[in-house]
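Visitor: I should like to learn how to read the packing and the interfaces of a structure. May we work through one case together?

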Amino acid sequence: MENERQDYVLETRNICKNYALLKANDHISLKVRRNTIHAIVGENGAGKSTLMGILTNVVKPDMGDIILDGEKMNFKNPMDAAHHGIGMIYQEFMLAPRFTVFENIIVGFEEKKGVFVDRKKCRERVEAICERYHFALPLDELIDELPVSVLQQIEIVKVLYRGADLIIMDEPTSTLTPQGIEGLFDAMRVLKESGKTILFITHKLGEVFRVSDEISVLRDGKLVGTYQPQEVDQQKLANLMVGREVILQAHKLPVSAGQPVLEVKDLRVRDADGIERVKDANFEIRAGEIVGIAGVAGSGQQHLVEALFGLAKPEAGSVIRYLGDEVTGKSPRAHRADRVGYVPQDRIGMGCNVAASIWENAIMGYHRATGFHPKWLIPRRQAQEFTSRVVRDFDVKVQNLENHIGSLSGGNIQKLIVGREFSQNNRLLLIEDPTRGIDVGAIEYIWEKLIRFASEGAAVLLVSHDLNEVMQLSDRILVMYDGRLRDGGGHGELTEEQIGLLMMGGEVG
Amino acid sequence: MKKLRFTLSEDGKISLMKYGLSLVATLAVGAVMILLQGENPAAAFVEIFRGAFGSRAAIGNTLHWAVPCMLVGSAALVAFKSGVMNLGLEGQLYLGGFVAGCAGYMVSLPPVLHPLFCLLAGGLAGMLWAMLPAFLKLLFKVDEVITTLLLNYVAIFFTELLTLLVISGAKALGTNSIMTPLIHDSAKLTPLIPGTSATTGIFVAVAVVLCVYLLYRYTLTGYELKQVGENLKFARVGGVNANKMFIIIFLVSGFIAGLCGSAETIGVNNRFISRFSSNLGWDGVMITRVASNSPLGVLVVSLIWAAFKAGALHMERTTTLNRYIINLLQALFVLFISIDYGMLYRKYLGWRARKKMVEEEARKLEN
């Protein structure tokens, strides 16, 4: 009995956490074996983040115990949890720009000589860690210019430096290229072999099977179960997560591309600092086509889309043609009137107004492009009809159209935003990360709608950081690297690895 | 198909709680203050009420004060609802007052037309004055908080200077105030209740509030104004011309503030008197804050504000209390209203759910 308990490095017993009307964690009793990579999967809102928050003591549980190395823990604050060997690597990196890699690693846990930082001793420790776990980090370089995969390694070294034995990684692969993901998995295996335990949080099921020793599934705040990789497969796991059958494959319809809807010639865009972020972009999208842009975050996708929608001013000499007419530099309002739709990546900051009601959010854009009768009024009946149509067609779960949109879940907000843009007879749709951070059910739904939307004759520019999404949906793929667009072939022409190579600036031979 | 309709949401409950709790808290703290000064709070509140509604004259006084409160409250609402910090209501009000005063004695028009002409002229003056910060913002990106605030001082001295120019430096007999000559009788707002200070200005004020209400509830412009205020990026992406909205906000807000100054000039003082406004512009900011930027709320809150103003003088006459205690009560009310009750309510719900769950656990363990 005693031996069996020692086998688990971490155990939670009946962890519960309630928010106002939501049971975020409902009696979660999880056991994590020592020296394993333990995957935790679940849809958004399944309670993964809350559970991790409780383990790191960022969130206080309502009840339940955390048992670490067979000992019941009573953390006083997040620092206390860190001192007990629980290290967390967040999705958004917690690194300070303008500081060196070395400084970022030791910050907060410096070795002291009196009141001064003992840089030499710190340095020795950091170097020892890098050597032991095979990380080659440019310790004296500034954080600013480093690629994402290196930043992630820095985060890992940081938690190791802090003495973590249990490392929690929250969606660590979401910003990496396929090559970067491979590197991360290698690092995870090395960590495991040298005695660490890793909690690997993800909702990408393919990755789970590549590294995990055990898989726990959360759904609606409850632990559905813990499984061995050999007893489940992707399909089964997806069903467990959602609680019903799901298909993770998009059903592309064959399309016959029509007239060019959008033509872009020599498009160049500078950001506020005068740095050229889009360099000589040339492409066109025809009616019925979905053109996908893949790329590592920050390669210029954002600036490209902003220029296309009139939110950013392109450089002189750039030409954007819409249905044959030049529209370079026209305002978003003019684009709306021309029936161009836009689903921004930042759905809370740009895609909706959280302070407003559901119907107010639903009619945005429509009120200008199509409008109501009479033209200068917003009659409640007509607004309600349009909103009801979006809500019905896109299966948005709402109780009352007057409620704040903030009362909806992320997936439902996204469905409403996408639905709003799809329901306005738009000829061209610029769409960024339509399924980021939403659950499998909603992804499936939006994908299907997107494909049908294009097949009805609209042109779609899909910018996504999820390579799988781009590959599944696009008729043609463009890869953006350092502001330049490169040809990623037609649907299914290149493999994931080849596109990954293009995303990193490599060549496909 | 499930039928979806508009009904009152949970926000209604929170609003109710917000006003109820704020009122109780204000009265409680106010009562302590009055007690500390050796007066009976209940008696003081009764005197305020009497001063506001106790007689025909009292009701007249309340209606008389309601006019500037509603107007300046609406002016502030238009700006603040759209996220524009127009702190220059005071200045816009002075310009309106001055121009209305001039229009009142320089021009001769038949009775009904004359006051309307004065109001319109005053409103336009306030509007022109508000264009200054609007253009400074659009052309040079100067923050409107700074420009509107400082232009208040400019407006006060500027109207004083203009008044001196108009009256050629001569002061009105027997006073130290700088003022324009009396306006013609044809320009005065007609008394509403004979023998009291209530005028037909109240109709103008209510009409303006109703217009603002209709603007936000039913028009495309009102919808866009609201979205610009609540999330500028969202509005831009949705095709709203934000710069145009910004100008509209300043023009409308300035126009209504100008109206307020005009109404004071032709309805109360019968002439423009420099420094006539007892910080009315700031009352507007408080009123719209208390009304949570709701036009109908402004109507109600303005009446309360006016009742306080009318009651304060009466209370001062009949008790030993100073009328400034009313300003204190008003400020306290604003303070309590500004608490985020929605957040408190959600916390309460969470606490209740947790308590219930722990109790259930305990019961399970016992069994």
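Visitor: How should one read a pair of packed helices, and at what angle do α8(B) and helix α10 of chain B pack?

Guide: Two packed helices are described by the angle between their axes and the distance between those axes. In this predicted model, α8(B) and helix α10 (residues 242-269) of chain B pack at about 105°, and their axes are 10 Å apart. Angles of 65 to 115 degrees count as roughly perpendicular, so α8(B) is roughly perpendicular to α10(B).

Visitor: Which residues of α8(B) and α10(B) make the contact?

Guide: From α8(B) come B:Glu224, B:Leu225 and B:Val228, and from α10(B) come B:Ala242, B:Met245 and B:Ile249. By class, this contact has five nonpolar residues, no polar residues and one charged residue.

Visitor: How do the axes of α7 of chain B and α8(B) cross?

Guide: The same two descriptors serve here. Helix α7 (residues 201-218) of chain B and α8(B) have axes that come within 5 Å and cross at roughly 80°. These two helices are therefore roughly perpendicular to each other.

Visitor: Which residues of α7(B) and α8(B) meet?

Guide: On the α7(B) side they are B:Leu215, B:Tyr216, B:Arg217 and B:Tyr218, and on the α8(B) side B:Thr221, B:Gly222 and B:Lys226. The residues of this contact divide into three nonpolar, two polar and two charged.

Visitor: Let us step back to the whole chain. How many helices and strands are there in chain B?

Guide: A count of elements is a suitable beginning. Chain B has 14 helices and zero strands. Its dimensions come next: along the principal axes, the C-alpha atoms of chain B fill a box of roughly 95 × 60 × 40 Å.

Visitor: What share of chain B counts as buried, and how is the range of its contacts read?

Guide: Of the 367 residues of chain B, 47% count as buried. For range, one considers the contacts in chain B with a separation of 6 or more; residues 24 or more positions apart account for 78% of them.

Visitor: How many residues of chain B are in contact with chain A?

Guide: An interface is read by counting the residues on each side, then by asking where they come from. Here 28 residues of chain B are in contact with 37 residues of chain A. On the chain B side, α8 (220-230), α9 (232-237) and α14 (341-366) each supply at least two residues. The largest share of that side, eight residues, comes from α14(B). Its residues divide into 13 nonpolar, nine polar and six charged.

Visitor: Can the reading be applied within a chain, and which domains does the assignment give for chain A?

Guide: The approach carries over to domains. The assignment for chain A gives domain 1 (2-242), domain 2 (247-339 + 427-509) and domain 3 (348-425). The C-alpha centres of domain 2 and domain 3 of chain A lie 25 Å apart. Their contact takes 14 residues from domain 2 of chain A and 13 residues from domain 3 of chain A.

Visitor: Which elements give two or more residues to the side of domain 2 of chain A that touches domain 3 of chain A?

Guide: They are α11 (332-337) and α17 (440-455) of chain A. With five residues, α17(A) gives the most to that side of domain 2 of chain A. By class, the side has eight nonpolar, one polar and five charged residues.

Visitor: How is a sheet read, and in what order do the four strands of chain A form theirs?

Guide: One gives the strand order, the pairing and the edges. In chain A, four strands form an open sheet in the order β15-β14-β17-β18, with antiparallel pairing. The edge strands are β15 (276-286) and β18 (325-326) of chain A, each pairing on one side only. Strand β17 (residues 319-322) of chain A is joined to β18(A) by two bridges; the bridge partner of A:Tyr322 is A:Asp325 in β18(A).

Visitor: Which strands does helix α10 of chain A lie across?

Guide: Helix α10 (residues 301-309) of chain A lies across β14 (260-270), β15 and β17 of chain A, and runs at about 60° to β15(A).

Visitor: Finally, a single residue: is A:Pro260 buried or partly exposed?

Guide: One counts the surrounding C-beta atoms. A:Pro260, which lies in strand β14 of chain A, has 16 other C-beta atoms within 10 Å and is therefore partly exposed. Leaving aside neighbours within four places in sequence, A:Pro260 is in contact with A:Glu284 and A:Arg286.

Conventions. Residues are numbered from 1 along each chain as its sequence is written. Chains are lettered from A and ligands numbered from 1 in the order in which they are written. This is a predicted model: local features need pLDDT of at least 70, side-chain atom pairs count only at pLDDT 80 or more; totals for chains, interfaces and linings use all residues. Two residues are in contact if their C-beta atoms, placed from the backbone, lie within 7 Å. Ala, Val, Leu, Ile, Met, Phe, Trp, Tyr, Cys and Pro count as nonpolar, Asp, Glu, Lys and Arg as charged, and the others, Gly among them, as polar. Domain bounds come from an automatic or database domain assignment. Axes are lines fitted to C-alpha atoms, for helices over the stretch in contact, and angles run from 0 to 180 degrees between N-to-C directions. Angles under 35 degrees count as roughly parallel, over 145 as roughly antiparallel, 65 to 115 as roughly perpendicular and the rest as oblique. A residue is buried if 20 or more other C-beta atoms lie within 10 Å of its own, exposed if 12 or fewer, and partly exposed in between; C-beta atoms are placed from the backbone. Two strands pair if DSSP finds at least two bridges between them.
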